[in-house]
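Hello,

Here is the structure I promised to pass on. Have a look at it first, and then read on for my notes.

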Amino acid sequence: MSAGAIRAVIRTVALGAILLGVLSYTWWAWPGDNPQRNRFEAVDITGVDWGRDFDLTDFNGKRRRLADFRGKVVLLFFGYVNCPDMCPTTLAKLGHGMRLLGTEADRVQGLFVTVDPKRDTPQVLSQYVPAFHPTFLGLHGTEQQTASAAKEFKVYFRAQKPGTSGFYTVDHSGPVYALDRRGRLRLFIKPEMDAESMARDLRVLLEEPIG
(Lines give C-alpha, C1' and ligand atoms only; values in the text may rest on other atoms or scores of the structure.)
Protein backbone atom coordinates (compact mmCIF):
# COMPACT_ATOMS: atom_id res chain seq x y z
CA MET A 1 0.00 0.00 0.00
CA SER A 2 1.38 3.42 -0.93
CA ALA A 3 2.12 6.13 1.65
CA GLY A 4 -0.75 8.20 0.28
CA ALA A 5 -3.17 5.31 0.65
CA ILE A 6 -2.00 4.69 4.22
CA ARG A 7 -2.57 8.36 5.11
CA ALA A 8 -6.03 8.19 3.58
CA VAL A 9 -6.84 5.15 5.72
CA ILE A 10 -5.59 6.92 8.85
CA ARG A 11 -7.75 9.97 8.11
CA THR A 12 -10.77 7.78 7.46
CA VAL A 13 -10.31 5.79 10.67
CA ALA A 14 -9.80 8.95 12.75
CA LEU A 15 -12.86 10.64 11.28
CA GLY A 16 -14.88 7.47 11.70
CA ALA A 17 -13.94 7.28 15.38
CA ILE A 18 -15.08 10.86 15.94
CA LEU A 19 -18.32 10.31 14.08
CA LEU A 20 -18.99 7.06 15.95
CA GLY A 21 -18.52 8.89 19.22
CA VAL A 22 -20.86 11.74 18.40
CA LEU A 23 -23.44 9.38 16.94
CA SER A 24 -23.33 7.28 20.08
CA TYR A 25 -23.82 10.37 22.22
CA THR A 26 -26.68 11.58 20.04
CA TRP A 27 -28.44 8.21 20.33
CA TRP A 28 -28.08 8.33 24.10
CA ALA A 29 -28.97 12.01 24.54
CA TRP A 30 -32.08 12.24 22.39
CA PRO A 31 -34.90 9.74 23.00
CA GLY A 32 -36.87 8.63 19.98
CA ASP A 33 -39.95 10.61 20.96
CA ASN A 34 -38.04 13.86 21.38
CA PRO A 35 -38.89 16.24 18.49
CA GLN A 36 -35.56 18.04 18.97
CA ARG A 37 -33.72 15.01 17.62
CA ASN A 38 -34.56 15.67 13.98
CA ARG A 39 -34.19 19.44 13.91
CA PHE A 40 -30.81 19.30 12.20
CA GLU A 41 -29.36 17.52 9.20
CA ALA A 42 -25.95 17.56 10.86
CA VAL A 43 -25.28 15.36 13.89
CA ASP A 44 -26.64 17.08 16.99
CA ILE A 45 -24.06 16.78 19.80
CA THR A 46 -25.63 19.29 22.17
CA GLY A 47 -24.49 18.69 25.74
CA VAL A 48 -21.09 17.08 25.17
CA ASP A 49 -18.55 17.92 27.85
CA TRP A 50 -15.73 18.76 25.43
CA GLY A 51 -15.13 21.44 22.80
CA ARG A 52 -15.47 24.17 25.39
CA ASP A 53 -12.72 26.64 24.49
CA PHE A 54 -9.32 27.31 22.93
CA ASP A 55 -6.48 29.77 23.43
CA LEU A 56 -5.10 30.80 20.04
CA THR A 57 -4.10 33.88 18.05
CA ASP A 58 -5.66 35.14 14.82
CA PHE A 59 -3.67 36.23 11.78
CA ASN A 60 -4.01 39.86 12.90
CA GLY A 61 -2.09 39.09 16.08
CA LYS A 62 -5.11 39.18 18.40
CA ARG A 63 -5.41 36.52 21.09
CA ARG A 64 -8.69 34.66 20.68
CA ARG A 65 -10.99 32.65 22.93
CA LEU A 66 -14.48 31.38 22.13
CA ALA A 67 -15.97 34.15 24.26
CA ASP A 68 -14.79 36.65 21.65
CA PHE A 69 -17.44 35.33 19.26
CA ARG A 70 -20.38 35.23 21.65
CA GLY A 71 -23.50 36.34 19.80
CA LYS A 72 -22.42 34.61 16.59
CA VAL A 73 -22.74 31.05 15.37
CA VAL A 74 -19.22 29.69 14.90
CA LEU A 75 -18.03 27.26 12.24
CA LEU A 76 -14.80 25.64 13.44
CA PHE A 77 -12.47 23.61 11.22
CA PHE A 78 -8.92 22.29 11.80
CA GLY A 79 -6.53 21.86 8.88
CA TYR A 80 -3.44 23.28 7.20
CA VAL A 81 -2.64 25.40 4.18
CA ASN A 82 -0.60 22.81 2.28
CA CYS A 83 -3.37 20.22 2.56
CA PRO A 84 -3.97 18.96 -1.00
CA ASP A 85 -7.59 17.87 -0.76
CA MET A 86 -9.74 17.87 2.38
CA CYS A 87 -9.00 21.41 3.58
CA PRO A 88 -9.61 23.43 0.42
CA THR A 89 -12.67 21.33 -0.42
CA THR A 90 -14.17 21.83 3.04
CA LEU A 91 -13.36 25.53 3.20
CA ALA A 92 -14.91 26.05 -0.22
CA LYS A 93 -18.10 24.34 0.97
CA LEU A 94 -18.18 26.47 4.13
CA GLY A 95 -17.73 29.59 2.03
CA HIS A 96 -20.57 28.54 -0.25
CA GLY A 97 -22.78 27.94 2.77
CA MET A 98 -22.00 31.43 4.05
CA ARG A 99 -22.98 32.98 0.73
CA LEU A 100 -26.25 31.06 0.78
CA LEU A 101 -27.08 32.72 4.09
CA GLY A 102 -27.04 36.16 2.51
CA THR A 103 -27.10 38.93 5.12
CA GLU A 104 -27.54 36.35 7.88
CA ALA A 105 -23.89 35.40 7.34
CA ASP A 106 -22.98 38.55 9.27
CA ARG A 107 -23.95 36.60 12.40
CA VAL A 108 -21.75 33.60 11.58
CA GLN A 109 -17.98 33.41 12.11
CA GLY A 110 -15.83 30.88 10.27
CA LEU A 111 -12.61 29.85 12.05
CA PHE A 112 -9.77 27.81 10.54
CA VAL A 113 -7.30 26.42 13.10
CA THR A 114 -3.99 25.38 11.60
CA VAL A 115 -2.44 22.10 12.74
CA ASP A 116 0.80 23.14 10.98
CA PRO A 117 1.85 26.32 12.82
CA LYS A 118 5.47 25.98 11.71
CA ARG A 119 4.58 26.76 8.09
CA ASP A 120 1.19 28.45 8.48
CA THR A 121 2.42 31.82 9.65
CA PRO A 122 0.00 34.71 10.22
CA GLN A 123 0.90 36.10 6.79
CA VAL A 124 0.22 32.76 5.08
CA LEU A 125 -3.09 32.36 6.92
CA SER A 126 -4.16 35.91 6.12
CA GLN A 127 -3.78 35.24 2.41
CA TYR A 128 -5.23 31.72 2.35
CA VAL A 129 -8.22 31.66 4.68
CA PRO A 130 -10.16 34.77 3.55
CA ALA A 131 -9.92 33.56 -0.05
CA PHE A 132 -12.78 31.18 0.79
CA HIS A 133 -14.86 33.88 2.49
CA PRO A 134 -13.70 37.38 3.43
CA THR A 135 -14.92 37.08 7.03
CA PHE A 136 -13.11 33.81 7.80
CA LEU A 137 -10.32 34.02 10.36
CA GLY A 138 -7.22 31.84 10.53
CA LEU A 139 -6.01 30.88 14.01
CA HIS A 140 -2.60 29.61 15.07
CA GLY A 141 -0.75 28.84 18.28
CA THR A 142 2.36 27.32 19.73
CA GLU A 143 2.79 23.59 19.37
CA GLN A 144 1.41 23.18 22.88
CA GLN A 145 -1.59 25.46 22.23
CA THR A 146 -2.33 23.69 18.96
CA ALA A 147 -2.18 20.27 20.59
CA SER A 148 -4.39 21.47 23.45
CA ALA A 149 -7.04 22.89 21.10
CA ALA A 150 -7.03 19.75 18.97
CA LYS A 151 -7.38 17.55 22.03
CA GLU A 152 -10.26 19.64 23.37
CA PHE A 153 -12.14 19.27 20.08
CA LYS A 154 -11.12 15.63 19.53
CA VAL A 155 -9.10 16.35 16.40
CA TYR A 156 -6.29 14.02 15.38
CA PHE A 157 -3.19 15.31 13.58
CA ARG A 158 0.33 14.11 12.95
CA ALA A 159 3.05 15.60 10.77
CA GLN A 160 4.79 13.14 8.46
CA LYS A 161 8.53 12.87 8.00
CA PRO A 162 9.80 15.47 5.49
CA GLY A 163 10.96 14.29 2.09
CA THR A 164 14.30 15.10 0.51
CA SER A 165 12.97 18.53 -0.48
CA GLY A 166 11.92 19.25 3.08
CA PHE A 167 8.20 19.18 2.19
CA TYR A 168 5.89 17.23 4.46
CA THR A 169 2.19 16.53 4.84
CA VAL A 170 0.09 16.45 7.99
CA ASP A 171 -2.38 13.63 8.52
CA HIS A 172 -5.44 14.95 10.30
CA SER A 173 -9.11 14.32 10.89
CA GLY A 174 -11.45 16.85 9.35
CA PRO A 175 -14.49 17.50 11.51
CA VAL A 176 -16.40 20.73 11.11
CA TYR A 177 -18.16 21.89 14.23
CA ALA A 178 -20.91 24.46 14.67
CA LEU A 179 -21.21 26.30 17.98
CA ASP A 180 -24.27 28.29 18.90
CA ARG A 181 -24.39 31.97 19.80
CA ARG A 182 -23.79 31.13 23.45
CA GLY A 183 -20.52 29.39 22.58
CA ARG A 184 -21.78 25.85 23.11
CA LEU A 185 -20.73 23.02 20.81
CA ARG A 186 -23.88 21.90 19.01
CA LEU A 187 -23.31 20.23 15.64
CA PHE A 188 -20.93 17.85 13.95
CA ILE A 189 -21.17 18.60 10.23
CA LYS A 190 -20.59 15.40 8.29
CA PRO A 191 -18.13 15.46 5.37
CA GLU A 192 -20.81 14.51 2.85
CA MET A 193 -23.20 17.26 3.95
CA ASP A 194 -23.81 19.84 1.22
CA ALA A 195 -23.71 23.60 1.59
CA GLU A 196 -27.47 23.97 1.27
CA SER A 197 -28.13 21.61 4.18
CA MET A 198 -25.47 23.31 6.25
CA ALA A 199 -27.03 26.72 5.62
CA ARG A 200 -30.41 25.40 6.76
CA ASP A 201 -28.92 24.10 10.01
CA LEU A 202 -27.13 27.38 10.63
CA ARG A 203 -30.41 29.26 10.23
CA VAL A 204 -31.93 27.06 12.93
CA LEU A 205 -29.08 27.96 15.29
CA LEU A 206 -29.42 31.64 14.39
CA GLU A 207 -33.10 31.60 15.27
CA GLU A 208 -32.48 30.28 18.77
CA PRO A 209 -32.60 32.85 21.60
CA ILE A 210 -29.23 33.64 23.06
CA GLY A 211 -30.62 33.50 26.60
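**What turned up**

K154 is found in the loop between α4 and β7. Please keep in mind that this is a predicted model. The phi of K154 is positive, about 55°, although K154 is not a glycine. As background, most residues other than glycine have a negative phi. K154 is partly exposed, with a relative accessible area of 42%.

The loop between α4 and β7 also holds F153, and F153 leads into the aromatic part of the model. At 0% relative accessibility, F153 counts as buried. A count of aromatic pairs comes to 7. In one of them, F78 and F153 have ring centres 6.1 Å apart and planes at 45°, so the pair is tilted; for that label the angle has to be neither under 30 degrees nor over 60. This pair links distant parts of the chain, with F78 in strand β4 and F153 in the loop between α4 (143-152) and β7 (157-159), 75 residues apart. F78 is buried as well, with a relative accessible area of 0%.

F153 has another aromatic partner in Y177, again in a tilted pair, at 6.0 Å centre to centre and 40° between the planes. Y177 lies in strand β9, so this pair ties together parts that are 24 residues apart in sequence. Both F153 and Y177 are buried. Which residues form one aromatic cluster? They are W50, F78, F153, Y177 and F188.

Two rings have a charged neighbour. R119 lies over the face of F167, at 5.2 Å from the ring centre. The charged end of R119 also sits over the ring of Y168, 3.6 Å from the centre of that ring.

Now to the core. The largest nonpolar core has 58 residues, and the members that touch the most others are F54, L75, L76 and F78. Strand β4 (residues 73-79) gives this core its largest share, 6 residues. In general, nonpolar side chains tend to be buried together in soluble globular proteins. What does F54 contact, leaving aside its neighbours within four places in sequence? The list is R64, R65, L66, F69, L76, L111, L139, A149 and F153.

Strand β4 comes up again around helix α5, where it is among the elements that cover the buried residues of the helix. The others include α2 (86-100), β5 (108-114), β9 (176-179) and β10 (185-189). The buried residues of α5 are A195, S197, M198, A199, D201, L202, L205 and L206. Helix α5 itself runs over residues 195-207, 13 residues in total, and spans 18 Å from its first C-alpha to its last, close to the 18 Å expected at 1.5 Å a residue.

Finally, the cysteines. How many disulfides are there? The count comes to 0. Why is C83 not bonded? Its closest cysteine sulfur, in C87, is 3.2 Å away, which is too far for a bond, because the two sulfur atoms would have to be within 2.5 Å. Seen from the other side, C87 is in no disulfide either, with the sulfur of C83 as the nearest cysteine sulfur. C83 counts as buried at 7% relative accessibility, and C87 is buried with a relative accessible area of 0%.

Happy to talk any of this through.

Best wishes

Technical notes
Residues are numbered from 1 along each chain as its sequence is written. This is a predicted model: local features need pLDDT of at least 70, side-chain atom pairs count only at pLDDT 80 or more; totals for chains, interfaces and linings use all residues. Side-chain values use heavy atoms; hydrogens and water are left out. A nonpolar core is a set of buried Ala, Val, Leu, Ile, Met, Phe, Trp, Tyr and Cys residues joined through side-chain atoms within 4.5 Å. Buried means under 20% relative accessible area, exposed over 50%, partly exposed in between (1.4 Å probe, protein chains only). Helices (H or I, at least four residues) and strands (E, at least two) are DSSP runs, numbered from the N terminus. Contact means heavy atoms within 4.5 Å. The expected span of a helix is 1.5 Å times one less than its number of residues. Rings of Phe, Tyr and Trp (its six-membered ring) pair if their centres lie within 6.5 Å; planes under 30 degrees apart count as stacked, over 60 as edge-to-face and the rest as tilted. A charge sits over a ring if NZ of Lys or CZ of Arg is within 6 Å of the ring centre and within 35 degrees of the ring normal.
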